[in-house]
Amino acid sequence: MKNWVWILLVSAAFAKHEEYAGWKSYFVAPTTQEQLEFLGSIRDVLDLDYLSYATVDRNGLVLVKPEHQEEFISTLNNQGINYRVHAEDVKKQLDNDDEQIEARRSSLRSTPEGEMPYDNYQPLDVIYNYIDKVAEQYPDVVTLVTPANSFEGYPIKYLKISSSNFEDPTKSVIFIESTIHAREWIAPPTATYAIHKLVENLTDPELLEKFDWIILPVANPDGYVFSFETSRFWRKTRSTEFSTSCPGVDGNRNFDFFWNTIGTSSNLCADNYAGGRPFSEVETRVVRDIIHEHLDRMVMYLSMHSYGSMILYSWGHDGSLSNQAFSLHSVGISMADAIYENSLPHFPRYSVGNSRLVVGYAASGISADYAHAVGVPLSYTYELPGFGGGFVGFHLNPRYIKQVAEETWEGIAVGAKRAGALFGNQ
Ligand code: 0X9
Ligand code: ZN
């Protein structure tokens, strides 16, 4: 083959974001619960990818593939649902985002080894260096646990944080799991910031006197790395057990709670593919095992996702309420209030409610429902702030990462205290 052909082939293969050529993104603005439900119902039919969820009074953002553009537009027009184009050319927008993030990276000081910067999105090795360093520097309070390797062989790491080595049976356990969905890059900073506030900068000693903490900042390291290096919108794991051409399982559909009954796809290439069986993924088994190991003392489980500014609770498959609904709602509101008090005026206010009703579509096999079903009294999915709060293209502007980490921590801290008071042994 001629040299220039090789050059063309190689550059095409490595051109970034090429797979998103022809995709468009739209803001959608449902004005009634029926319209919101309708948007949820066409998700699978048109293979739509909601990056940010709408509520009745707030825009959502949806990615639409080239082959579904026409039908998407005509369907929305028929239903009278308001929309407007966000990015005419998703690939170009991603290229712009990259440039801005890179420009920001090069204008900032370089980060000393083992520090966790909050001025930009961080690759896995920076997060892992930070976790390792904290564990090394604070051995009396922090234990690093590597229960397994991911499908591709990255260690899955979590920290146990305790002033009594997890040996005091009267303390309540709080579990923060983050980034089971790869592309949700605002999640890891909220988890590492919680570590920071419990270990390096403890301003509220009660949080260690009464609680033991488990923090898993990147539950899906394979997917996270893949979303940095190859496909920005990668969501799933990267396992190839069920397909080599379409790897990956949606970690938040892989838990054994009404598994694969609704809001999942049997198409192996779909973003909400539930896997061949419950807990087929090592990444979800790690989360399951942590829940069971500490179940007798675990009062709150948080699964950190994005985007939408929502605090969601059970049940996600049918929209019914659990018999803990009052506590779930009341503590959810307390967390949202604490966040609001520490938020910025132009950030959207959190919505709190049943996940199926607030998001507009049903989902089965989600981690928060599993945790609640097996006995964690307070179990939530956090959809962290995104669009509307200052975006560069598809990213929450990196200048707001710190803000989100800080305000989310205020919510978590209030939630922990209320969880301890309601369900703890002290
Ligand atoms: O779909 C999910 O797994 C969660 N949203 S995300 O954008 N982070 O993927 C939300 C699950 C909420 N539950 C229901 N919709 N029932
Ligand atoms: Zn998610």
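**Buried sites, a disulfide and a zinc site in the predicted model**

His 372 has a relative accessibility of 7% and therefore counts as buried, the cut-off for this class being under 20%. The structure described here is a predicted model, and the position of this histidine within it is in helix H12, which spans residues 367-374. When residues up to four places away in sequence are set aside, the contacts of His 372 comprise Ser 314, Trp 315, Ser 322, Gln 324 and Leu 328, together with Pro 377 and Ser 379.

Burial was also examined at the level of a whole element. Helix H8 covers residues 221-229, and because eight of these nine residues are buried, the helix is largely enclosed by the rest of the structure. The buried set consists of Pro 221, Asp 222, Gly 223, Tyr 224, Val 225, Phe 226, Ser 227 and Phe 228. These buried residues pack against three helices and one strand, namely helix H5 (124-137), helix H6 (187-200), helix H9 (282-293) and strand E6 (155-161).

A search of the whole structure for disulfides returns one, in which Cys 246 is joined to Cys 269 with an S to S distance of 2.0 Å. The torsion about this S-S bond is about 85 degrees, so the disulfide linking Cys 246 and Cys 269 is right-handed. Both cysteines lie in the loop between H8 and H9, where they are 23 residues apart, and the pair is one that links distant parts of the chain. The two partners fall into separate accessibility classes: Cys 246, at 17% relative accessibility, counts as buried, whereas Cys 269, at 47%, counts as partly exposed.

The zinc ion (ligand 2) is coordinated through ND1 of His 181, ND1 of His 305 and OE atoms of Glu 184, the latter residue being listed twice, at distances of 2.0 to 2.3 Å. Along the chain, the donors of this zinc ion follow the spacing H-x2-E-x120-H. The two histidines link distant parts of the chain, since His 181 is located in the loop between strand E7 (172-178) and H6, while His 305 belongs to strand E9 (residues 298-306), 124 residues apart. With a relative accessibility of 2%, His 181 counts as buried, and His 305, at 1%, likewise counts as buried.

Note on methods
Residues are numbered from 1 along each chain as its sequence is written. Chains are lettered from A and ligands numbered from 1 in the order in which they are written. This is a predicted model: local features need pLDDT of at least 70, side-chain atom pairs count only at pLDDT 80 or more; totals for chains, interfaces and linings use all residues. Side-chain values use heavy atoms; hydrogens and water are left out. Helices (H or I, at least four residues) and strands (E, at least two) are DSSP runs, numbered from the N terminus. Buried means under 20% relative accessible area, exposed over 50%, partly exposed in between (1.4 Å probe, protein chains only). Contact means heavy atoms within 4.5 Å. A disulfide is a pair of cysteine sulfur atoms within 2.5 Å. Donors are N, O and S atoms within 2.8 Å of the metal (3.2 Å for Na, K and Ca); water is not among the atoms, so sites may look incomplete.
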